[in-house]
Structures are given as C-alpha cells and as structure tokens.
Amino acid sequence: MKVLVINAGSSSLKYQIYDMTTETALAAGRVERIGMDSSILVHEPHHTDEVTEVSEILEHTTAVRKVLDKLTDPQVGVIKSTTEIDAVGHRVVQGGDLFKESVIVDAQVKAGITSLFDLAPLHNPAHMMGIRAVEANMPNIPQVAVFDTAFHSTMPEKAYMYAIPKVLYKKHKVRRYGFHGTSHDYVSKVTAETIGRPVEDLKIITCHIGNGASLTAVDGGISVDTSMGMTPLEGLMMGTRSGDLDPAIVPFVMMKEDLTVNEVNSMLNKHSGLLAISGSSSDMREITDGMEQGEPNATLAFEMYVYRLRKYIGSYAAAMDGVDAIVFTAGVGENSVVIRQHTCEKLTFLGVEIDPELNKIRSKEPRRISTPNSKVEVLVVPTNEELMIARDTYRLVTEAK
C-alpha cells in the first residue's frame, strides 16, 4: 500500500509518499506561495536530485494536481499512476473534544473539522482546503485525518482545565488541548524501543523544540500534561511566540499602546519570543552564534529560553513523581548541542548526567547522550510525524476493508 501524507497550510502544502510495506519514504516536497503567480514547487524524489518548478498556483486543488503530476512524472516521479496511491493522510492541528483519535474522513468528520475553525483559525481552514483539493483530484480515494491534539486527549481534567469560570468551557470549549501530539507520541515510543523497556513502564518527558516548541509528560505511554494550551501560544518561549506570560499584560498593553485584539495577537504570536528579546532573529543558530560572540541581547534570549525549558522539565518530573527519560526532538532539539548541554547541566538534582562527547555526535538515528551513571536516560530522537500519519492512515484504511 502507498500512502500520500499532506500537511496543508493557508499558502503552502507539504507532502510525502510512503510505501507502507517497508515504511519507506519514496519522495517528499512542498508547494509554497499558493495564491500567487510565482508559486514554487520543490519535489524531492529519493532516487534522484530535487526538482524546482515556478508557476501560477492560485489554490490548493491546483497544488495537489501539480504534486500528483510530479509523483507520476516519467523522469522524476516515483509511481507510474495515481491509482497506485491507496490512501491520503492529512495532518489536522485541532481536533478539539470531537476527535480523540485519527478518523477516516467522511461528511461528518468534515463538518466536525469545520466546526473547530474558531479554535484554530490559521490551521483548520487550510487543512479543509487540502482535504477538498484531494477530493477534487482523486474523488474516490480514502482520506484520513490525524489530529495534533489527539495524543493529548488522555490528559486528566486537572491538567486540561483552566481556573476560570467553567461556563467558558461548557459554552466555548476553553481548555488546554496541546499540540505536536503526533511527534510526542512517536518519540516516546522510539525512546522506549531505544532503552529496551515497554513504554507502559516509563515516565518520559518529550521536548519537541523547533520554531514552535512544547513539552509533554508521558506516563505509561499516555500524555498526562503538555505545555501548549488552547492554542500553540502557551508554554515555552519560542521563535516568535511569547509563551507563558501574565494575562493581565494583554489588556494593559492594549490600553497603553492603543492596540486592537488582532494587533496584540500578532505581537504575541509573530513578534515575541527569541525575536523580541534578541532584537534580530528567531533562529536558534543565529542566537547561539550571537551569544558565543558576547552579544548581550542574544545571550539573554538564549538564557531565557533554556531557563524556561529547564523549569518545565522540573515541573513535569514533579507532576509524574519521577522521570525515567528525557528526550530532545525537532529542529532545535535534534541539532543544538549547546541547548541540550545548558539545559541538562543544571538538572543534576534529578540525577541527570550527559556525556559531552556523545552530545556532540550528529546522527539521524535515535541515540543516548547520557552517561552510564545517569539516573535519567537522556536521548536525542529525530521526529517523524509524517510516518506516524502514514501509519495511522494505513491502519484505518486496512481495518475498513
């Protein structure tokens, strides 16, 4: 069975196609600047060099058609016909209280995703465009929605409720949902395999650290708490997001600066975090370079970032009454030696001890970076959300036959 995985954004579309008999990725790619006459399609077949094409792509239906054209192209394609694609899996950010697991897309599921537009206005409408674009190009193919929030649906009420009037939850579903669930699920399972113990026996803190960042407390293989909230804004300091702050700051700043709701929302999501503190960049590589050169704003941004990360790790160890493993994943987590070093060097109260030489190794394989004497296993595990989406898609479509 071959599964096409799609992650549709408002002006972009990422894709990957898998042969599920071996779980091999045959090709990947992305379409950028959808809606413009100079859209860019980058196709990366695994048997040859990538191909870039610039053309007019005004909406997602055309984007999907061009992706299918590339996948079946005689020179750079990886399949002979679209009939070889057995199913399409979609990343959907927000499942709310409606979707606690992946589902085959039907009219009811589409209505449910649409009803959650208010909870994820930047994401769910784009995901629906991706689903409808596949319908237009391959009307009879089964599609599966895999939700970022589903893994966190196991959180207890004490973790997901906010201490505000409960009527806001009953009427508007205001609660913690958490995100990056597919990644947290994947790396916790790989961590257990790497350690050689059942995931059901482990307390794991998964650190998904990229431009967006979140931590999850995984106890016995299930999410019991996570740092992102009703939206991806809560929690850790991120590339351009503020993370946790005193909510009273919002009306105070709105009044002092005469800002609208949209303006303050943009400030907190797009102009805060590392970018705001460093004054120059949201890229951790540039922040690290600036810190090493003694640049004070970059140093402060780095120190704030690590400090908040370490605090969350400590709080989740307390929440689970212990921790067996801490795992770093995603762009920053997988690649930043100094982030891992500075985070772990002050977790000695947990018995954490990392090996500086192991920490410096770069690899695409899961690996330990802790010493044999460390009471907590520390690992780096490359995430693979696309493979998890493909697996769920394969499982559901196979079961439905």
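This briefing covers a sheet, two nonpolar cores and one buried aspartate. The model is predicted. Its open sheet has 8 strands. The largest nonpolar core holds 41 residues, and Asp148 is buried.

**Sheet**
- The strand order is 5-4-3-2-1-6-8-7, with mixed pairing.
- Strand 5 (51–57) and strand 7 (103–104) stand at the edges. Each has a single partner strand, so one side of each lacks a neighbour in the sheet.
- Strand 7 runs antiparallel to strand 8, joined by 2 bridges. Ile104 stands opposite Val144 in strand 8.
- Helix 1 (residues 60–71) lies across strands including strand 1 (2–8), strand 3 (24–32) and strand 6 (85–92). Helix 1 also lies across strand 5, running at about 150° to that strand.

**Nonpolar cores**
- In the largest core, Ile205, Leu215, Tyr305, Ile313, Ile326 and Val352 touch the most other members.
- Elements giving two or more residues to this core include strand 9 (203–209), strand 10 (213–219), helix 11 (296–319) and strand 12 (325–329). Helix 11 gives the most, with 9 residues.
- Beyond its neighbours within four places in sequence, Ile313 is in contact with Ile205, Cys207, Leu215, Ile326, Thr343, Leu347 and Leu350.
- Another core, of 29 residues, lies apart from the largest one. Among its residues are Val3, Tyr18, Met20 and Val199.

**Asp148**
- Asp148 sits in the loop between strand 8 (143–147) and helix 4 (157–160).
- The relative accessible area of Asp148 is 1%.
- Its side chain makes a polar contact with the side chain of Arg91 (2.7 Å).
- Leaving aside neighbours within four places in sequence, contacts of Asp148 include Val92, Val93, Gly178, Phe179 and His180.

Note on methods: Residues are numbered from 1 along each chain as its sequence is written. This is a predicted model: local features need pLDDT of at least 70, side-chain atom pairs count only at pLDDT 80 or more; totals for chains, interfaces and linings use all residues. Side-chain values use heavy atoms; hydrogens and water are left out. Helices (H or I, at least four residues) and strands (E, at least two) are DSSP runs, numbered from the N terminus. Buried means under 20% relative accessible area, exposed over 50%, partly exposed in between (1.4 Å probe, protein chains only). A polar contact is a pair of N or O atoms within 3.5 Å; within protein, one must be able to donate a hydrogen and the other to accept it, and residues adjacent in sequence count only if both atoms are side-chain atoms. Contact means heavy atoms within 4.5 Å. A nonpolar core is a set of buried Ala, Val, Leu, Ile, Met, Phe, Trp, Tyr and Cys residues joined through side-chain atoms within 4.5 Å. Two strands pair if DSSP finds at least two bridges between them. Axes are lines fitted to C-alpha atoms, for helices over the stretch in contact, and angles run from 0 to 180 degrees between N-to-C directions.
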